[in-house]
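Subject: Structure handover

Hello,

Here is the structure we talked about. Please open it next to this message; my notes follow below.

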Amino acid sequence: GRLSAGIAHEIGNPIGIVTGYLELLKQRDIAEDERVEYLDRAEKETERISAIIRQLLEISRPSQAGPQRVSVHAIIGEMARVLDVQPFMSHVRLATDLGARSDAVTADPSQLRQVFLNLIINAADAISSKGPGAVGDLIIATDDSTDAGAAAGSNGSWLRVRFSDNGSGIPEENLSNIFDPFFTTKEPGKGTGLGLSVSFMIIESFGGRLQVESVAGQGTCMTVSLPAA
């Protein structure tokens, strides 16, 4: 119900804006620069709708790979190499501490990459939100655990992957809402508010759990817990 209400709101608003611009474009006496501006704004709103729909499809559309035995360390290593040269990571010092003895889990590798990438992008955004020229650290660490806080694998253990940054952090009053569909603390146009919600559902579909710890002004730690294969 909350997801449906969120969809109606998040897609209804830009549709209303586009309709308004189309009405303005029907006028014959508007200047050419105004016409171009209305078209640009309408295009941005339709792109926003498209982004929301793409993320909604990820909730229910499994990839062709399907669940399989995958190495989490291999995925993290691959992503670290790729992200090292990405412009949006230029202000982030990325480090890994892959201490888990066994990193094998049963999951869809493409969906797992999607979750990890979303958590990394959020960390990069949190670091940049500290102000112009801000530089920060993101540490991706793994360890083994037999804690009962999440579903355990067949051998009674599970793998934890922590994404710890020293960005702006999340205010305490927002912590209980960050996994809600369309909830976002980012500036308008910076995010749809679906990334963490989709990530939460993906991890739970693997029998795991996605949890958050954060202190405003100090940083955030997102923990992905997955049953060990």
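What percentage of the 229 residues in the chain is buried? The figure is 41%. Keep in mind that this is a predicted model.

Overall layout

The chain has seven strands and five helices. Read from the N terminus, the order is α-α-β-α-β-β-α-β-β-α-β-β. Contacts reach far along the sequence. Of those between residues at least 6 apart, 72% join residues at least 24 apart.

The cores

The largest nonpolar core holds 41 residues. Within this core, Leu112, Phe116, Val161, Phe163 and Val224 touch the most other members. Eight elements are worth colouring here, as each gives two or more residues to the core:

- helices: helix 2 (32-60), helix 3, helix 4 and helix 5 (195-205)
- strands: strand 3 (104-107), strand 4 (136-145), strand 5 (158-165) and strand 7 (219-227)

Helix 4 supplies the largest share, eight residues. Another core lies apart from this one. That second core has six residues, including Val18, Leu25, Ile30 and Tyr38.

Phe116 deserves a look of its own. Leaving out residues up to four places away in sequence, Phe116 touches Val72, Ile75, Ile76 and Met79. On the same count, Phe116 also touches Val161, Phe163 and Val224.

Helix 3 against helix 4

Helix 3 covers residues 72-83, and helix 4 covers residues 109-128. The two pack at an angle of about 50°. Their axes are 11 Å apart. Helix 3 and helix 4 are therefore oblique to each other. The crossing is right-handed.

Which residues make the contact? From helix 3 come Val72, Ile75, Ile76, Glu78, Met79 and Leu83. From helix 4 come Pro109, Leu112, Arg113, Phe116, Leu117 and Ile120. By type, 10 of the contact residues are nonpolar and two are charged, with no polar ones.

Helix 5

Several residues of helix 5 are buried: Gly195, Leu196, Ser197, Val198, Ser199, Ile202 and Ile203. Gly207 follows helix 5. The phi of Gly207 is positive, near 85°.

Where to start

Centre the view on Phe116. Phe116 is among the core residues that touch the most other members, and Phe116 also belongs to the contact between helix 3 and helix 4. Leu112 shares both roles.

Best wishes

Conventions: Residues are numbered from 1 along each chain as its sequence is written. This is a predicted model: local features need pLDDT of at least 70, side-chain atom pairs count only at pLDDT 80 or more; totals for chains, interfaces and linings use all residues. Side-chain values use heavy atoms; hydrogens and water are left out. Axes are lines fitted to C-alpha atoms, for helices over the stretch in contact, and angles run from 0 to 180 degrees between N-to-C directions. Helices (H or I, at least four residues) and strands (E, at least two) are DSSP runs, numbered from the N terminus. Angles under 35 degrees count as roughly parallel, over 145 as roughly antiparallel, 65 to 115 as roughly perpendicular and the rest as oblique. A crossing is left-handed if the near helix is turned anticlockwise from the far one by less than a right angle, and right-handed if clockwise. Contact means heavy atoms within 4.5 Å. Ala, Val, Leu, Ile, Met, Phe, Trp, Tyr, Cys and Pro count as nonpolar, Asp, Glu, Lys and Arg as charged, and the others, Gly among them, as polar. A nonpolar core is a set of buried Ala, Val, Leu, Ile, Met, Phe, Trp, Tyr and Cys residues joined through side-chain atoms within 4.5 Å. Buried means under 20% relative accessible area, exposed over 50%, partly exposed in between (1.4 Å probe, protein chains only).
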